[in-house]
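Student: Can we go through this one together? I'd like to start with the surface and then look at the backbone.

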Amino acid sequence: MDRLSLFVLACLCLSSPAATAAAVRRQGPPSSLRFGPSGDFKILQVADMHYADGKSTPCEDVLPDQVRGCSDLNTSAFIRRMIRAERPDLVVFTGDNIYGFDSADAARSLESAFAPAMEAGLPWAAVLGNHDQEGTLSREGVMRHVVGMGGTLSRVNPEGVEIDGYGNYHVEVYGAVGSVVSNKSVVNLYFLDSGDYSTVAGVGGYGWIKASQQVWFKQTSDRLQREYMGQPEPQKEPAPGLVYFHIPLPEFASFDSSNFTGVRQEGISSASINSGFFTTMLEAGDVKAAFVGHDHINDFCGKLTGIHLCYAGGFGYHAYGKAGWSRRARVVYASLEKANDGGWGDVKSIKTWKRLDDEKLSTIDMQVLWSKGSPGE
């Protein structure tokens, strides 16, 4: 072992367990992560924190006996509970991270909102919702501030690409060290800005994923698939892709209680027009699931034409909710296949479940999103 490796090992030994695991799993190219020696990778999704000014910001829609002393700090405490319980490899914040209208200083609110992930030494990524820019920073300003914060994999936009919005980027998750796919991304994570509100005359309502973003997404997906199925160690099928953004697509309205897991307690607040991004994901051929927030008291996940469309459920205590219905988070868990030599191969399955901010941090609604070789895949 060379001196540099010894130095890195010594530094890791002095770190906290969470920080050590995060450092090990971040080995690889820039904006990339890696499966660890246990052959798994876990993502914690946090939707709609609506963070404002901390202790002075009251909670919304909680039971009468919960009102006193309830604030943004309850949201931070929930994140810390989730990190301790699930030990995720990545935390993804899917928009409305702060509630701009109630924030006296957007930059300070952002730093407080993301603090639990940074304190834990975990890599994290964020996209914007429709409320992040309603305070003292513009939409671009919010994303640039996020990108400058510690531990984040977030990017303002891909370099050299003319594209709508702020916060369009991807992150690659490489195979386990020593495996045949150690130099290939075995899970690809796509992050997109679904906008805030329509800027088209005569078209009201929320924003949507624009044509320029879809072109970038499709080109990125095509490139990643070529790399994965090309030399060296060519793979037979594309690596699974997961997509994160804030505002649900119109296709989320395709489900009823017979074909999803979870609950639908409010309407689907998508854009008033369909920009075709679901079709673009289908055409790409690698996407297995898309994850959103926005509608806080929906937490369902259903499969449409081979792609799971999943809400996380509302996380933040300053966001609207439903009194007596626990705030919640979604977890995604990917596991590798055992190779013939006893090591790790490519991804075998991707599962999901939700955790509630109740006394037991209850786990509910376990689902298999995708498994290698399953019918229809």
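**Charge patch and backbone oddities**

Tutor: One point before we start: this is a predicted model. D102 in it is partly exposed, with a relative accessible area of 34%.

Student: Where does D102 lie?

Tutor: In the loop between β3 (90-94) and α4 (106-119).

Student: Which residues gather with D102 in a patch of negative charge?

Tutor: D53, E60, D61, D105 and E111 gather with D102 in that patch, on the surface.

Student: And why does D102 count as partly exposed?

Tutor: Because its relative accessible area is 34%, and partly exposed covers what falls between under 20%, which is buried, and over 50%, which is exposed.

Student: Back to the loop between β3 and α4. What is the phi of D96?

Tutor: Near 50°, a positive value in a residue other than glycine. D96 has its place in that loop too, between β3 and α4.

Student: Is D96 buried or exposed?

Tutor: Buried, with a relative accessible area of 1%.

Student: Which other residue has a positive phi, near 55°?

Tutor: H50, which is not a glycine either. H50 sits in the loop between β2 (40-46) and α3 (72-86).

Student: Why does H50 count as buried?

Tutor: Its relative accessibility is 6%, and buried means under 20%.

Student: Changing topic: which residues does a cis peptide bond join?

Tutor: Q231 and P232, with omega at about -5°.

Student: Where is P232?

Tutor: P232 lies in the loop between α6 (211-229) and β7 (241-244).

Methods. Residues are numbered from 1 along each chain as its sequence is written. This is a predicted model: local features need pLDDT of at least 70, side-chain atom pairs count only at pLDDT 80 or more; totals for chains, interfaces and linings use all residues. Side-chain values use heavy atoms; hydrogens and water are left out. Patches are made of residues with over 30% relative accessible area and no salt bridge: like charges are joined within 9 Å, nonpolar side chains (Val, Leu, Ile, Met, Phe, Trp, Tyr) within 5 Å. Accessible areas come from the Shrake-Rupley method with a 1.4 Å probe; for residues, only the protein chains shown count as cover. A salt bridge is a side-chain nitrogen of Lys or Arg within 4 Å of a carboxyl oxygen of Asp or Glu. Lys and Arg count as positive and Asp and Glu as negative; His and the chain ends are not counted. The place of a charge is taken as NZ of Lys, CZ of Arg, CG of Asp or CD of Glu. Helices (H or I, at least four residues) and strands (E, at least two) are DSSP runs, numbered from the N terminus. Buried means under 20% relative accessible area, exposed over 50%, partly exposed in between (1.4 Å probe, protein chains only).
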